[in-house]
Amino acid sequence: MDGSEIYIDGTYLKNNPQWGLKDSTWKADVILQLLKRNKITPDKVIEVGCGAGGVLDSLSNKLGNQISFSGYDISPQAIEMAKEKESDHLKFYNKDFLAENGSDADLVLVIDVLEHVPDYYGFLEKLKMKSNYFVFHIPLDISSRSMMKPHILLQQRSSVGHIHYFTKEMVLWILKDKGFEIIEWIYTKPAIDREAPATFKNSIKKSLRNLSFYISKDISAKLWGNYSMMILAK
């Protein structure tokens with residue numbers, strides 16, 4: 001068993017009934033910013049591990065119907081949810097994208113996927129041949145906080161299926177090892193920093209985190225954890 005069964009047998013859906021849809025719009029906005037800043041205008045976009053399809057749906061609404069969008073996921077439950085969003089230029093498939101012959105793209109999205117893949121080096125090696133450009137979103141679960149409180153990593157493993165944990169440096173080394181050239185990358189903030197605080201305690205935490213992030217993004221990510229990297233590569 002390689003851990004993929006939780007995405008097929010309904011376990012992941014049970015633990016994550018929205019399949020990350022609430023985060024889709026802001027992720028799509030960050031992707032769009034990276035593409036615009038680097039003047040990349042793809043005709044064919046494919047997302048690997050598209051989940052319920054929220055990111056592609058948001059991108060398709062923002063970029064227009066002149067672009068072809070396709071999403072692939074091994075989870076039948078995720079694709080069932082995604083298919084509700086299909087249109088003439090947006091399609092979803094319950095297939096392993098890397099096993100599909102001839103399924104190449106101008107841009108491949110790999111959004112919150114690498115941390116779930118048992119052999120991510122093998123995955124990246126195959127992926128590299130599939131497109132000219134790539135956007136990765138990868139969580140940075142390793143931090144001073146998670147080292148002091150390892151149950152945080154266990155929680156990520158049990159609730160959202162993370163089986164690998166990264167720092168910024170590890171992510172950049174891994175992509176370089178597999179021949180990807182980084183064009184641009186930025187940090188994305190965790191939910192506690194993006195959303196309105198529910199309690200006074202969370203308000204204090206948010207203020208401290210945002211101050212830390214303002215002073216040094218790198219130090220803040222290493223200290224507090226739960227940040228991610230959105231990376232444009234080729």
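Where does Asp112 lie? In this predicted model, Asp112 sits in the loop between β4 and α6. The phi angle of Asp112 is near 55°, a positive value in a residue other than glycine. A comparable description applies to Lys39, which is not a glycine and has a positive phi of about 55°. Lys39 belongs to the loop between α3 and β1. With a relative accessibility of 74%, above the 50% cut-off, Lys39 counts as exposed.

The loop that holds Asp112 leads on to helix α6, a good place to continue the tour. Helix α6 covers residues 120-127, and its buried residues are Tyr120, Gly122, Phe123, Leu124 and Leu127. What covers them? The cover of the buried residues of α6 includes the strands β1 (44-48), β4 (105-111) and β5 (131-139), together with helix α9.

The pairing of α6 with α9 can be described in further detail. Helix α9 is formed by residues 168-177, and its axis and that of α6 come within 10 Å, crossing at roughly 50°. The two helices are therefore oblique to each other, and α6 passes α9 in a right-handed crossing. On the α6 side, the contact involves Tyr120, Tyr121 and Leu124, which meet Ile174, Leu175 and Asp177 of α9. By class, this contact has 5 nonpolar residues, no polar residues and 1 charged residue. Tyr120 and Leu124 thus appear both in the list of buried residues of α6 and in the contact with α9. A general point about helices is helpful here: an α-helix has 3.6 residues a turn, so residues three or four places apart point the same way.

Strand β4, part of the cover over α6, contains Asp106. At 24% relative accessibility, Asp106 counts as partly exposed. Which residues does Asp106 touch, leaving aside those up to four places away in sequence? The partners are Pro42, Asp43, Lys44, Ser131, Asn132 and Tyr133. With Asp43 there is also a polar approach: a polar atom of the Asp106 side chain lies 2.9 Å from the backbone nitrogen of Asp43. Asp106 can also be placed relative to Arg37, with the two positions 69 residues apart in sequence and a C-alpha to C-alpha separation of 17 Å in space.

A second helix pair is made by α3 and α4. Helix α3 spans residues 24-37, and helix α4 spans residues 54-63. How do their axes meet? The axes of α3 and α4 come within 8 Å and cross at roughly 55°. That makes α3 oblique to α4, and α3 passes α4 in a right-handed crossing. From α3, the residues Ser24, Thr25, Lys27, Ala28, Asp29, Ile31 and Leu32 take part, meeting Gly54, Val55, Ser58, Leu59, Lys62 and Leu63 of α4. The residues of this contact divide into 6 nonpolar, 4 polar and 3 charged.

One member of this contact, Ser24 in α3, can be viewed on its own. Is Ser24 buried or exposed? Its relative accessibility is 7%, so Ser24 counts as buried. Beyond residues up to four places away in sequence, Ser24 touches Gly54, Val55 and Ser58, and these three belong to the α4 side of the helix contact.

Another buried residue is Gln77, located in helix α5 (residues 76-82). Gln77 has a relative accessible area of 18%, under the 20% limit for a buried residue, and is therefore buried. Setting aside residues up to four places away in sequence, Gln77 touches Tyr7, Ile8, Asp9, Gly10, Leu13 and Trp19. The contact with Ile8 has a polar component: the backbone oxygen of Ile8 lies 3.0 Å from a polar atom of the Gln77 side chain.

The last helix pair joins α11 (residues 200-215) and α12 (residues 217-224). Their axes come within 5 Å and cross at roughly 140°. The helices are therefore oblique to each other. Helix α11 contributes Leu208, Arg209, Ser212, Phe213 and Ile215, while α12 contributes Lys217, Ser220, Leu223 and Trp224. By class, the contact of α11 with α12 has 5 nonpolar, 2 polar and 2 charged residues.

Key:
Residues are numbered from 1 along each chain as its sequence is written. This is a predicted model: local features need pLDDT of at least 70, side-chain atom pairs count only at pLDDT 80 or more; totals for chains, interfaces and linings use all residues. Side-chain values use heavy atoms; hydrogens and water are left out. Axes are lines fitted to C-alpha atoms, for helices over the stretch in contact, and angles run from 0 to 180 degrees between N-to-C directions. Helices (H or I, at least four residues) and strands (E, at least two) are DSSP runs, numbered from the N terminus. Angles under 35 degrees count as roughly parallel, over 145 as roughly antiparallel, 65 to 115 as roughly perpendicular and the rest as oblique. Contact means heavy atoms within 4.5 Å. Ala, Val, Leu, Ile, Met, Phe, Trp, Tyr, Cys and Pro count as nonpolar, Asp, Glu, Lys and Arg as charged, and the others, Gly among them, as polar. A crossing is left-handed if the near helix is turned anticlockwise from the far one by less than a right angle, and right-handed if clockwise. Buried means under 20% relative accessible area, exposed over 50%, partly exposed in between (1.4 Å probe, protein chains only). A polar contact is a pair of N or O atoms within 3.5 Å; within protein, one must be able to donate a hydrogen and the other to accept it, and residues adjacent in sequence count only if both atoms are side-chain atoms.
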